[in-house]
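Dear colleague,

Please find below a structure that I am handing over to you, together with its sequence. My notes on what was found in it follow directly after.

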Amino acid sequence: MKKVKVIATAAAYPEQVVTNDDLAKIVDTSDEWISQRTGIKERRISSGENTSVFVIETARKLLERAEVSAEEIDLIIVASVTPDYGTPSLACMVQKALGTKNAVCFDIVAACSGFMFALSTADKFIKAGKYRNAIVIGGETLSKIVDWSDRSTCVLFGDGAGGAYIEETDEGGLLRENIGTEGECYEILTEGYTRCANAFNDIESYQDPRWYVFMNGREVFKFATKKVIQSIRQVLDEEGLQAEDIRYFIPHQANARIVEVIAKKLNVPFDRFEMNMERFGNTSSASIPIALNELNEKGLLERGDKIMLSGFGGDMTWATVLIEW
Ligand code: COA
């Protein structure tokens, strides 16, 4: 069977840095509370750029780094819960911006696991022989759907995009995955609800508080630690590997305490988990590809390294993908 390899990674995010002290000026919080409970110190927040700006910039860098032309791209999948529009998709906005005229382009939604679901989807298209390559991106401007008066959520999130260019190969690549959903729990974490109001029923109440992020933090914490641990164990078992065979674990960058629990339960030294939430906060579908790109840009990845990407998020979803670099 064909294999699928990550050839290039890239990321793009806003220039504006918002620190915990900046947040303490608008809600009743402190650097101490946010740092201790989450590990987050600062995040990038859009100064007005919408999600497509970061997604297109990421795609542009991927073409450059992979040294492929726009016309050569077969497939573009973008994962986002904060696209610019309902339609067009972000993927089609990339197509227009970069002239990837031969690509099939669409978006998917799987909350913070979105990049992983998109990667898995692209992997299957390529393995089925339908396409030779794909651009896969997770991108968000969560700042536009956060309630900036709610200290329990607004301190957690950030904006940005990250992605990978993947193509068919003979060896290595995406080795194994475990992805899943538990839709019956979706009310634990919601955002972006649009009320079904129209000119003939209730135009006055078009705005709805469920537009903003709502989260039961403790339930998310329990879900994340349980599912990510199960999912990583399953991938290791199925691949006949031990945790020590993995060079880097790249978890979803939601909360350092969640990562601590996962590392402890898996009996893996904490420092083998790549973490950047201190500087980016939780960027949802962008968090894992931004972290992967940072490792790659630092030159820390060597061909043959085994890297475990593992995320969780709303809907409720989880996703683990084992890559041989
Ligand atoms: N600053 C100061 N105090 C805050 C605060 C903030 N930003 N946010 C909440 N608090 C307060 C609460 O009001 C509460 O006060 P009370 O005891 O007087 O009622 C207290 O801190 C404890 O709140 P609680 O929600 O129980 O804290 P917690 O230890 O569960 O931490 C989270 C909250 C959100 C950090 C934690 O639950 C978490 O990280 N969950 C997972 C979230 C996640 O990963 N989401 C992403 C999904 S992809």
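**The ligand and its surroundings**

A polar backbone atom of Arg151 lies 2.9 Å from a nitrogen atom of the ligand. Please bear in mind from the outset that this is a predicted model.

Two side chains also come into the account. In Arg218, an N or O atom of the side chain is 2.7 Å from an oxygen atom of the ligand. In Asn255, a polar side-chain atom is 2.5 Å from an oxygen atom of the ligand. On its own the ligand has 970 Å² of accessible area, and the protein covers 74% of that area.

These three residues belong to a wider group. There are 23 residues around the ligand, and those that come nearest are Thr29, Arg37, Arg151, Arg218 and Asn255. Sorted by class, the shell consists of 10 nonpolar, 8 polar and 5 charged residues.

As to the site itself, the ligand occupies the largest pocket. Several elements of secondary structure supply at least two residues each to the shell: the helices α2 (31–38), α6 (151–154), α7 (217–239) and α8 (256–266), and the strand β12 (306–313). Of the shell residues, 4 come from α7, which is the largest share.

Where does the ligand lie with respect to domain 1 and domain 2? Domain 1 covers residues 3–171 and domain 2 covers residues 176–324; both give residues to the shell, so the ligand lies between them.

**Backbone features**

Three places in the backbone also deserve your attention when you go through the model.

The first topic is cis peptide bonds. One such bond runs from Thr87 to Pro88, with omega near 5°. Pro88 is located in the loop that links β4 (75–79) and α4 (90–98). Another cis peptide bond joins Asp315 to Met316, and its omega is near -10°. Met316 is placed in the loop between β12 and β13 (317–324); the strand β12 is also among the elements that supply at least two residues to the shell around the ligand.

The remaining topic is a phi angle. Glu67 is not a glycine, yet its phi is positive, at about 55°. This residue, Glu67, sits in the loop between α3 (51–66) and β4. The strand β4 thus appears twice in these notes, since the loop that holds Pro88 lies between β4 and α4.

With kind regards

Key
Residues are numbered from 1 along each chain as its sequence is written. This is a predicted model: local features need pLDDT of at least 70, side-chain atom pairs count only at pLDDT 80 or more; totals for chains, interfaces and linings use all residues. Side-chain values use heavy atoms; hydrogens and water are left out. A residue is near a molecule or strand if one of its heavy atoms lies within 4 Å of it. A polar contact is a pair of N or O atoms within 3.5 Å; within protein, one must be able to donate a hydrogen and the other to accept it, and residues adjacent in sequence count only if both atoms are side-chain atoms. Accessible areas come from the Shrake-Rupley method with a 1.4 Å probe; for residues, only the protein chains shown count as cover. On a 1 Å grid over the protein atoms alone, a cavity is a set of points where a 1.4 Å probe fits but cannot get out, and a pocket is an open set with protein on both sides within 12 Å along at least five of seven lines; lining residues have an atom within 4 Å of a point. A molecule sits in a cavity or pocket if more than half of its atoms lie within 2 Å of its grid points. Ala, Val, Leu, Ile, Met, Phe, Trp, Tyr, Cys and Pro count as nonpolar, Asp, Glu, Lys and Arg as charged, and the others, Gly among them, as polar. Domain bounds come from an automatic or database domain assignment.
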